[in-house]
Amino acid sequence: MCGRYAASRRPEDLAGIFEIEKWEPEETLEPDYNVAPTKEVYAVLDRPLKDADDPRPVRQLRTLKWGLVPSWSKTPEGGARMINARAETVHEKPSYRRAFASRRCIIPADGYYEWVTGKQERDLEVEGKKKRPRKQPYFVTPADGSVFAMAGLYEFWRDRTLPDDHPRAWWVTCSVITTEAETSPLAVAPAEGPHALAEIHPRMPLMLTPDRWDAWLDPSRTDPEDLRGLLAPPPPGLMRAYPVTTAVSNVRNNGPELLKELAAPEEGTLF
C-alpha cells in the first residue's frame, strides 16, 4: 500500500522533469517529508485549461487533496479511506473506473515509507505478550535518485451545500494506484533487514517509468483494456530501501531528518 510518502522537490524542478506547461505559483507547497492522507499534494495531469479557447490538453502541475472522493458521493467523508486503488481492479471498481478511463495523473514523490514488524516483536505478539508490536519504518526510493512517479487518479466533487462562487465548492482529490510488491532483490538492500520489497509489505505504489508518462496522462486514451497494459510493474532492481527513524510514525514530525538512513534498525525493531 501507500499510506505515507516524502515529496521535497520544488515545482520548478518538477516542471523540468515532467515538461510542465502550466502551474500556479500561489499553489506552491512546502517540501513535505511526511505526506499523509488528506494533505494537499502535487499531481501532474494533462487537461485543457479552464475557460481557454484551445481544447488541447495542457500538461499541468496541480495541487490536489490525497484521498479520492467519487463525483457521485453525497459527502466527502470517505475520501480519507480511498487513498489507494488496486491496479488489478481499478478498471471495474465503481469508485475508480470513471477516473481510470479519463482522469489519470502522476503523483511525484521522493519515495514512500513502509513499516515492518521486527522478528523479536512478532515473536512476542505470537506468544500473546505484546498487543501492539513496535514497527521499524523503511524508506523506499529509486536507487538512482530519480523521481518516484506514482500512478494516480484524480476526481472532481461538487459540494452542493455551497454556492458556485465559494472557494470550497469544488474538491479535486486523488488516489495512488498500488500493485503487488516486487519479490526480486532490491538494487540496494540494508545490511540488516529485508532484501526485497515483498519482505517489507505485500503491496507497493505503482511506479511509472518515463517511457509511460505520456501514454498514462493522455486523456484521449479511454479504452480500459488498453490502459490496463500501462499498469505493468516497473522493471525489477530499480529500488533501494533502508531503515529510518521511528519518528516518522508520528505524522506531526516533518523534516529532512526523517529520510536519514540508519546504520541498523532501531533497538527493539530488528528485522
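**Exercise 1. How much area does the chain expose, and what share of it do carbon and sulfur atoms supply?**

The model is predicted; local features need pLDDT of at least 70, side-chain atom pairs count only at pLDDT 80 or more, and totals for chains, interfaces and linings use all residues. Residues are numbered from 1 along each chain as its sequence is written, and side-chain values use heavy atoms, with hydrogens and water left out.

Step 1. Accessible areas come from the Shrake-Rupley method with a 1.4 Å probe, and for residues only the protein chains shown count as cover.
Step 2. The exposed area is about 13,400 Å², of which carbon and sulfur atoms supply 50%.
Step 3. Buried residues (under 20% relative accessible area, 1.4 Å probe, protein chains only; exposed is over 50%, partly exposed in between) make up 50% of the 271 residues.

**Exercise 2. Describe the overall fold of the chain in terms of its elements and dimensions.**

Step 1. Count the elements: there are 5 helices and 13 strands. These are DSSP runs numbered from the N terminus, helices being H or I of at least four residues and strands E of at least two.
Step 2. The radius of gyration is 19 Å, close to the 18 Å from the globule rule for 271 residues, so the chain is as compact as a globular protein of that length. The radius is taken over C-alpha atoms, and the rule is 2.2 Å times the number of residues to the power 0.38.
Step 3. The C-alpha trace spans about 65 × 40 × 35 Å along its principal axes.

**Exercise 3. Work out how strand β7 is covered and paired.**

Step 1. β7 covers residues 104–109, and 6 of its 6 residues are buried.
Step 2. R104, I106 and P108 point one way, while C105, I107 and A109 point the other way.
Step 3. β7 runs antiparallel to β10 (residues 148–158), with 6 bridges joining the strands. Two strands pair if DSSP finds at least two bridges between them.
Step 4. The bridge partner of R104 in β10 is L153.

**Exercise 4. Compare the settings of E19 and T38, which share an uncommon sign of phi.**

Step 1. Most residues other than glycine have a negative phi.
Step 2. E19 has a positive phi of about 55°, and T38 has one near 80°.
Step 3. E19 sits in the loop between α1 (11–18) and β2 (22–23); T38 sits in the loop between β3 (32–35) and β4 (40–47).
Step 4. E19 counts as exposed because its relative accessibility is 59%, whereas T38, at 40%, counts as partly exposed.
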